[in-house]
Amino acid sequence: MDFSIKAFDTKNTITSAKTGCIAVAVFENKKLSQAAKALDQGGDITAALKSGDITGKAGSTLLLRGMSGTGAARVLLVGLGNDETVSEKSFTSAVNATLKAFASLGAADAIIALPMTDVKERDVSWAVRTIVCAAHESVFRTDGQKSKKDPAPAGVRKITLATDATGEVKTALAQAIAIANGMDLTKELGNLSANVCTPTYLADTARKLARDYKFDVEVLDRKQLQALKMGSFLSVTNGSDEAPKFIVLKHMGGKSKDAPVVLVGKGITFDTGGISIKAGPGMDEMKYDMCGAASVLGTFRAIGEMGLKLNVIGVIAACENMPSGRATKPGDIVTSMNGLTIEVLNTDAEGRLVLCDALTYCERFNPAAVIDIATLTGACVVALGHHNTGLFTRSDAAHEKLAGELLAAGKAASDTAWRLPIEEVYNEQLKSNFADLANIGTPGGASVTAACFLENFTRKYTWAHLDIAGTAWKSGGAKGATGRPVPLLSTFLINRV
């Protein structure tokens, strides 16, 4: 999908634009947007509204052909709801309806002339990002592993956004394209079967990104992890024949003296639960247990394309969690990289076991902030559903600031998070009779106790945890990776420049 920006004015009118289709807005009170008024020279749009062929309800559409007074072969009328209070939801519905209509047109190019400056509490940059990301989603394919590919869709492949081509809008478009490309990579990795997307595959993907965008990359293998005394991470890998990989990507786009932001991704490329094996139904979806790692790689794809002037390091702990005669057993005690011993009460609580050593490893970077991203707990899905990512961090001033930045970035990117508590009292649930702490808590607050477990390994820097179990993928008929939270992370990093 190709995108461009073009301002239409009295010298370069939208009526003279030569294109396969122009999408313009109409409203429920029979009013027309400015672009629709300009095209309504013969009264066709007004007549369509008066006849009831289109109501103006948000997301409704009507395609008109052969209109006089325009250079466009088609004009797509798109409902935008109430003209006085265009909501974010109404605009998003209109954009999705526009792109759905574009997909079935016999035209290669089109103009979107929806009123991008009229959305309540949003600016034109947000509108541009919304259109670009939705357009990528509309053409994203999941047939990469099929022997016979789905028929290539026809429809529009070149979109011009009708808005003033200011420097701010041009920047927003470039950022939107980069973020959408990063989301595509994250979705592709998430959707791949686990026999293809192994820890080695993730490492190879990181190496390719390093070549493409001049990142530094290092991949540590089992012997190096043993030398680092990552006993917690390695305990998860014991039952698998797939070699673990510990991936470090560095984008040093800022000043050499600036402390980096570190993104840490959980990369369990398949999670059977280990000896504490999961139920069979739905276990296929455990290929998505590496979506934290995939979102780190997708975010690096985005910041590499943007050439972001910030120091960012990505750390990915990748392995499988499998049952075998070598696998870690419930009741085993392992020693983490920072020396704390952990009683493994449930081998299906493996994400925190790989992350805790990765978080200890981050100390060497003297980071400005560390954010881990993980499909960590089903309890977070119970708490927040599939709408918000769970955000956890401490409550001192530095962590309050970090939480505020992440929440604001999520809101700006329409990739929202909701903050949940971390309090010392929850650590009481992680006590063990035989080790420094247990890897699961007593019943209640499971997503919170998981975050509190990780907090024990992050006390030397500012840190936040994102539990994306409910937002990283969809189940059912729409099964597939969503690409979240690449928009949140990318926007957070952009705001830090």
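## A guided tour, starting at Lys266

Select Lys266 to begin: this residue sits in strand β9, which covers residues 261–271. Keep in mind as you look around that the model is predicted. Is Lys266 buried or exposed? With a relative accessible area of 2%, below the 20% cut-off, Lys266 is buried. Now show side chains and add Asp289: a polar contact of 2.9 Å joins the side chains of Lys266 and Asp289.

Stay on strand β9 and pick Asp271, which lies in that strand too. Asp271 is buried, with a relative accessible area of 2%. Look for the backbone nitrogen of Gly273, which lies 2.8 Å from a polar atom of the Asp271 side chain. What does Asp271 touch, not counting residues up to four places away in sequence? Its contacts are Lys278, Met283, Met286, Asp289, Asn321, Asp348 and Glu350.

Next, select four residues together: Lys266, Asp271, Asp289 and Glu350. UniProt lists them under "binding site", in an unreviewed entry. They span 85 residues in sequence, yet no two of their C-alpha atoms are more than 11.5 Å apart, so they gather at one spot. From this set, Glu350 is part of the lining of the largest cavity.

Now move to Thr328, in the loop that links β10 (311–321) and β11 (333–335). Thr328 counts as buried, because its relative accessibility is 9%. Its side chain reaches the backbone oxygen of Ser235 at 2.6 Å, and a polar contact of 3.2 Å connects the side chains of Thr328 and Asn238. Beyond neighbours within four places in sequence, the contacts of Thr328 include Ile275, Val344 and Thr347.

For the last stop, switch to a cartoon view and find the open sheet. In what order do its six strands run? The order is β1-β6-β5-β2-β4-β3, with mixed pairing. At the edges stand β1 (2–6) and β3 (61–65), each with a single partner strand, so one side of each has no neighbour in the sheet. Neighbouring strands here are turned by 25° against each other on average, direction ignored.

Zoom in on β1 and β6 (residues 158–162): the two run parallel and are joined by five bridges. One pair to pick out is Ser4 and its bridge partner in β6, Thr160. Then add helix α2 (residues 44–51), which packs on the sheet and touches β2 (22–26), β3 and β4 (74–79). The direction of helix α2 makes about 140° with that of β3. Finish with helix α3 (residues 88–103), lying across β2, β3, β4, β5 (109–112) and β6 and running at about 150° to β4.

Notes
Residues numbered from 1 in each chain as written. Predicted model: local features only at pLDDT ≥ 70, side-chain atom pairs only at ≥ 80, totals over all residues. Heavy atoms only, no water. Helix = DSSP H or I, 4+ residues; strand = E, 2+ residues; numbered from the N terminus. Buried < 20%, exposed > 50% of the residue type's maximum accessible area, 1.4 Å probe, protein only. Polar contact = N/O pair within 3.5 Å; in protein donor to acceptor, adjacent residues only side chain to side chain. Contact = heavy atoms within 4.5 Å. Pairing = 2+ DSSP bridges. Axes fitted to C-alpha atoms, helices over the stretch in contact; angles between N-to-C directions. UniProt positions renumbered as here; feature names shortened; annotations may be inferred. 1 Å grid on protein atoms, 1.4 Å probe; cavity = no way out; pocket = protein on both sides within 12 Å on 5 of 7 lines; lining within 4 Å.
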